[in-house]
Amino acid sequence: MKNLINMATVTFLTLVSSVVIAAPDTTPAQQLQFWSVQAGSPGQSARGKAFFLAKHGKDLSCASCHSESPLGSGKHASTGKAIAPLAPAANPESLTDTARINKWFRRNCNDVLARECTPQEKADVIAFLSSLKR
Ligand code: HEC
């Protein structure tokens, strides 16, 4: 019986924490600030744009999936699946969830660069995405 109660508690806590993790917990401005501090220098949108469009010695660029204009929807380079716009001006959910941002930076940077993006590269990309206006 005690075990059952413990299991119920664990299940409940897991549900609660997954709801919390999925909720917005940051803003594009906070992300820009955070990664600029980590980098020790402010994100630059022009450098972020060049980084976003470039192929880094492999087949893919960020634009391969997110399109050259992140104000519009992207299309996954291998699955063809639609991807919501990355620019916060076009998609209010973009850059509002720390866990999601970190997860996709890790995965996407590995696909494009075969390594993690540096804090400077992240600050630059976020500066670029935040600078776009509809
Ligand atoms: C192979 C396809 C692909 C490539 C290449 C790619 N991405 Fe993504 N990216 C995705 C997908 C899929 C998502 C998740 C979209 C969703 O959940 O709606 C995503 C999400 C993101 C997010 C999270 C946005 C948010 O807040 O929800 C960021 C940031 C991001 N990508 C940045 C990049 C950067 C920077 C590059 C280049 C280094 C890049 N991506 C290259 C497919 C890709």
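This is a short tour of one helix, its neighbours and the ligand site in a predicted model.

**Stop 1: helix H6.** Start by selecting residues 119-131, which form helix H6. At 1.5 Å a residue, its 13 residues should span 18 Å, and the end C-alpha atoms are indeed 18 Å apart, so the two values agree. Now colour the buried positions: Gln120, Glu121, Lys122, Ala123, Asp124, Val125, Ile126, Ala127, Phe128, Leu129 and Ser130. With 11 of the 13 residues buried, H6 is largely enclosed by the rest of the structure.

**Stop 2: the neighbours.** What do the buried residues of H6 pack against? Add helix H2 (28-39), helix H3 (45-53) and helix H5 (98-113) to your selection, and you have these partners on screen.

**Stop 3: H3 across H6.** Keep H3 and H6 in view. Their axes come within 7 Å and cross at roughly 100 degrees, so the two helices are roughly perpendicular to each other. To see the contact, show Ser45, Arg47, Gly48, Lys49, Phe51 and Phe52 on H3, along with Glu121, Asp124, Val125, Ala127, Phe128 and Ser131 on H6. This contact mixes five nonpolar, three polar and four charged residues.

**Stop 4: the ligand.** Next, move to the ligand, which has 21 residues around it. Which of them come nearest? Pick out Cys62, Cys65, Trp104, Asn108 and Val112. Helix H4 (62-66) and H5 each give at least two residues to this shell, and H5 provides the largest share, with eight. Colour the shell by class to finish: 14 residues are nonpolar, five polar and two charged.

Note on methods
Residues are numbered from 1 along each chain as its sequence is written. This is a predicted model: local features need pLDDT of at least 70, side-chain atom pairs count only at pLDDT 80 or more; totals for chains, interfaces and linings use all residues. Helices (H or I, at least four residues) and strands (E, at least two) are DSSP runs, numbered from the N terminus. The expected span of a helix is 1.5 Å times one less than its number of residues. A residue is buried if 20 or more other C-beta atoms lie within 10 Å of its own, exposed if 12 or fewer, and partly exposed in between; C-beta atoms are placed from the backbone. Two residues are in contact if their C-beta atoms, placed from the backbone, lie within 7 Å. A residue is near a molecule or strand if its C-beta atom, placed from the backbone, lies within 6 Å of it. Ala, Val, Leu, Ile, Met, Phe, Trp, Tyr, Cys and Pro count as nonpolar, Asp, Glu, Lys and Arg as charged, and the others, Gly among them, as polar. Axes are lines fitted to C-alpha atoms, for helices over the stretch in contact, and angles run from 0 to 180 degrees between N-to-C directions. Angles under 35 degrees count as roughly parallel, over 145 as roughly antiparallel, 65 to 115 as roughly perpendicular and the rest as oblique.
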